[in-house]
Each structure stands twice: as C-alpha cells, then as structure tokens.
Amino acid sequence: FRADDAGAFPGLTAGSLRAARADRVRNLSVMVPPPHFAAAARELAALPPTVELGLHVTLNCEWLGLRWRPCAPAAEVPALVDAEGYFRFATPNEIHAAAVPVAQLMIE
C-alpha cells in the first residue's frame with residue numbers, strides 16, 4: 001500500500017509512520033509546504049530502507065482554515081500566491097483555469 005500527504009498534519013503523519021513500521025505501507029509521499037514537514041522529515045528519515053519515500057508536489061492548499069506558503073520565494077511564483085504570500089488556489093483545476101505559467105509551476 002501507499003500512504004499519501006505525510007507532513008500535512010501530525011496525526012496523518014503519525015498514522016503513516018505506524019503503517020510503514022508495521023510493514024503495511026511500502027511507499028510514502030511527503031508534502032513539503034505544510035508547517036509539519038520538518039517534524040515529519042526527522043521521523044521519516046528513520047524509516048527502514050524498505051520504505052520508499054516520494055515527493056508529493058504541492059501547488060495548492062484545499063483545506064479550510066489552513067494556509068500554506070510555497071517553498072519558492074513568493075516573488076518567483078506570483079501567479080500561485082495571494083497578497084500575503086500563501087497559495088491562492090484550492091484545487092489543481094483552479095490553477096489550470098487561471099493559466100498559471102508553467103515556468104512558475106516548475107520553480108515551485
């Protein structure tokens with residue numbers, strides 16, 4: 001099985017780690033922009049080499065009441081951020097509809 005969105009929320013990361021340590025998950029994707037990434041990264045680094053880690057590319061934040069900033073400086077990805085420097089889109093469809101330049105997507 002594969003676990004998704006490690007780093008997004010502490011509980012989600014904890015559940016993914018438990019599943020990986022119990023050999024129920026062999027592949028885990030990690031989100032970098034959420035504020036819980038640093039803590040998740042420390043724990044994910046201690047997993048056995050049989051667990052494959054992958055990057056969950058994150059260009060939006062769909063969660064109500066939660067906001068994430070891009071990894072790149074906001075000035076380098078202005079089409080992706082609002083006036084405060086947070087991701088402005090909730091869904092990939094919104095990103096597509098806004099015709100965000102591919103160059104900015106690649107930077108992020």
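Q: Which residues is E108 in contact with, leaving aside its neighbours within four places in sequence?
A: In this predicted model, E108 is in contact with P33, T58, L59, P70, C71, A72, V77, L80 and F87 once those neighbours are set aside. E108 itself is placed in the segment after α4 (102-107).

Q: What makes the approach of the E108 side chain to the backbone nitrogen of C71 a polar contact?
A: A polar contact requires a pair of N or O atoms within 3.5 Å, and the side chain of E108 reaches the backbone nitrogen of C71 at 2.8 Å, so the distance criterion is met. The backbone nitrogen of A72 likewise lies 2.9 Å from a polar atom of the E108 side chain.

Q: Why is E108 said to have no salt bridge?
A: A salt bridge needs a side-chain nitrogen of Lys or Arg within 4 Å of a carboxyl oxygen of Asp or Glu, whereas R69, the nearest side chain of opposite charge, is 11 Å away from E108; therefore the buried E108 does not qualify.

Q: Why is the pair D23 and R26 called a salt bridge?
A: The side chains of D23 and R26 meet at 2.9 Å, N to O, and because the cut-off is 4 Å, the pair qualifies. The structure holds 5 salt bridges.

Q: Why is D23 called partly exposed, rather than buried or exposed?
A: Buried means under 20% relative accessible area and exposed over 50%; D23 has 43%, so it falls in between. R26, with a relative accessible area of 46%, is therefore also partly exposed.

Q: How do you know that R67, D82 and E84 are linked in a network of salt bridges?
A: The closest N and O atoms of D82 and R67 are 2.6 Å apart, and those of E84 and R67 are 3.5 Å apart; the cut-off being 4 Å, both pairs count, and because R67 takes part in each, the three residues are linked. D82 and R67 both lie in the loop between β3 and α3 (92-97), so their pair ties together parts that are 15 residues apart in sequence.

Q: What makes β2 and β3 a pair of strands?
A: Pairing requires at least two bridges, and 4 bridges join strand β2 (residues 27-30) to β3, which run parallel, so the requirement is satisfied. Within this pairing, L28 stands opposite L53 in β3.

Q: Why are β1 and β3 called edge strands?
A: The open sheet of 3 strands has the order β1-β2-β3, with parallel pairing, and β1 (2-6) and β3 (52-55) each pair on one side only.

Technical notes:
Residues numbered from 1 in each chain as written. Predicted model: local features only at pLDDT ≥ 70, side-chain atom pairs only at ≥ 80, totals over all residues. Heavy atoms only, no water. Helix = DSSP H or I, 4+ residues; strand = E, 2+ residues; numbered from the N terminus. Buried < 20%, exposed > 50% of the residue type's maximum accessible area, 1.4 Å probe, protein only. Lys, Arg positive; Asp, Glu negative; His and termini not counted. Polar contact = N/O pair within 3.5 Å; in protein donor to acceptor, adjacent residues only side chain to side chain. Contact = heavy atoms within 4.5 Å.
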